[in-house]
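Here is a short briefing on one protein model. Please look over the sequence and the structure before reading on.

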Amino acid sequence: MGNAIQQQLLKCGLVPIVRGSFSIDQLKQVAETLLEAEINVVEVTLNSQNALEGIAALRKQFGDTMLIGAGTVRTLDGFHSAIGAGAQFTIAPNLDNEVMRAAVSGGIVHLPGVFTPTEIQNAVNLGATVVKLFPIDTMGPKYLKAIRAPLNDVLIVPTGGVTVENIAEYRGAGACAVGLGSALVTGPSQSLDDLRARAVAFRKAWDQAATC
């Protein structure tokens with residue numbers, strides 16, 4: 001199951017991050033709008049309002065048509081809560097050994113947050129098959145390219161500061177997916193028309209970028 005989830009995530013290439021005081025209905029509307037733009041992956045962060053209830057509601061409404069994940073999964077308790085709510089994958093800003101071991105043991109795709117070559121290798125040693133490079137905006141695509149030179153066998157998802165304007169550079173530098181924050185989903189007050197326009201632009205920009 002984990003391998004199929006990872007393949008679906010990487011095939012989409014875009015991981016929208018939903019963080020903030022969204023109601024359940026708003027979360028459903030966001031997910032539906034993303035799906036209309038051919039983005040069938042969404043991450044709801046655990047430090048958001050209604051996160052666990054929202055994850056459960058999205059799984060119930062979208063079933064197998066959309067991949068529903070949990071973000072900001074920093075602890076083992078958070079990991080178990082997310083999976084219990086129905087999250088199909090988990091993402092963290094940090095590398096927690098217990099979470100990584102639990103994910104591997106349960107066959108769950110977990111993207112630990114890493115920044116240095118040592119952290120990336122530590123994650124791989126613990127069983128990670130794909131990692132989140134965060135926060136990438138402090139260094140940019142050149143850093144990703146430099147990291148990929150000795151670690152070319154590791155699937156890396158840069159997150160933080162990825163925009164429509166620079167997404168092609170990240171894919172060209174070796175990103176096999178990207179995490180998208182406020183450049184896509186700005187918050188609960190964002191109009192669905194604005195979200196749709198941004199989602200379509202990101203979909204087009206990623207698809208037109210060089211294949212990693």
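The points below cover the sheet, one helix, the nonpolar core and one buried leucine.

This is a predicted model. Its open sheet has 6 strands with parallel pairing. Helix α2 turns one side towards its buried surroundings: its buried residues cover an arc of only 160° around the axis. The largest nonpolar core holds 68 residues.

**The sheet**

- The strand order is β5-β4-β3-β2-β1-β9.
- β5 (109-111) and β9 (178-180) are the edge strands, and each pairs on one side only.
- On average, neighbouring strands are turned by 25° against each other, direction ignored.
- Strand β4 (residues 89-91) runs parallel to β5, and 3 bridges join the two.
- Across this pair, I91 stands opposite L111 in β5.

**Helix α2**

- Helix α2 spans residues 24-36, 13 residues in total.
- From first C-alpha to last, α2 reaches 19 Å, close to the 18 Å expected at 1.5 Å a residue.
- Its buried residues are L27, V30, A31, T33 and L34.
- These buried residues lie on the same side of α2, because they cover an arc of only 160° around the axis.
- An α-helix has 3.6 residues a turn, so residues three or four places apart point the same way.
- The cover over the buried residues of α2 includes two strands, β1 (14-18) and β2 (41-45), and two helices, α3 (51-62) and α9 (192-208).
- After α2 comes E38, with a positive phi near 65°.

**The nonpolar core**

- Which residues of the largest core touch the most other members? They are L14, L34, F89, I156, I167, V178 and L184.
- Helix α9 supplies the largest share of this core, 5 residues.
- L34 links two topics here: it is buried in α2 and is listed among the core residues that touch the most other members.
- Beyond four places in sequence, L14 touches I39, V41, I167, V178, L180, F202, R203 and W206.
- Two of these partners, I167 and V178, are themselves among the core residues that touch the most other members.

**L9**

- L9 sits in helix α1 (residues 2-12).
- Is L9 buried or exposed? Its relative accessible area is 3%, so L9 is buried.
- Setting aside neighbours within four places in sequence, L9 contacts V15, V41, L67, F89 and A177.
- L9 and A177 are 168 residues apart in sequence, yet 7.8 Å apart in space, C-alpha to C-alpha.
- V41 is a contact of L9, and L14 touches V41 as well.

Methods. Residues numbered from 1 in each chain as written. Predicted model: local features only at pLDDT ≥ 70, side-chain atom pairs only at ≥ 80, totals over all residues. Heavy atoms only, no water. Pairing = 2+ DSSP bridges. Helix = DSSP H or I, 4+ residues; strand = E, 2+ residues; numbered from the N terminus. Axes fitted to C-alpha atoms, helices over the stretch in contact; angles between N-to-C directions. Expected span 1.5 Å × (residues − 1). Buried < 20%, exposed > 50% of the residue type's maximum accessible area, 1.4 Å probe, protein only. Arc of directions from axis to C-beta. Contact = heavy atoms within 4.5 Å. Core = buried A, V, L, I, M, F, W, Y, C linked by side-chain atoms within 4.5 Å.
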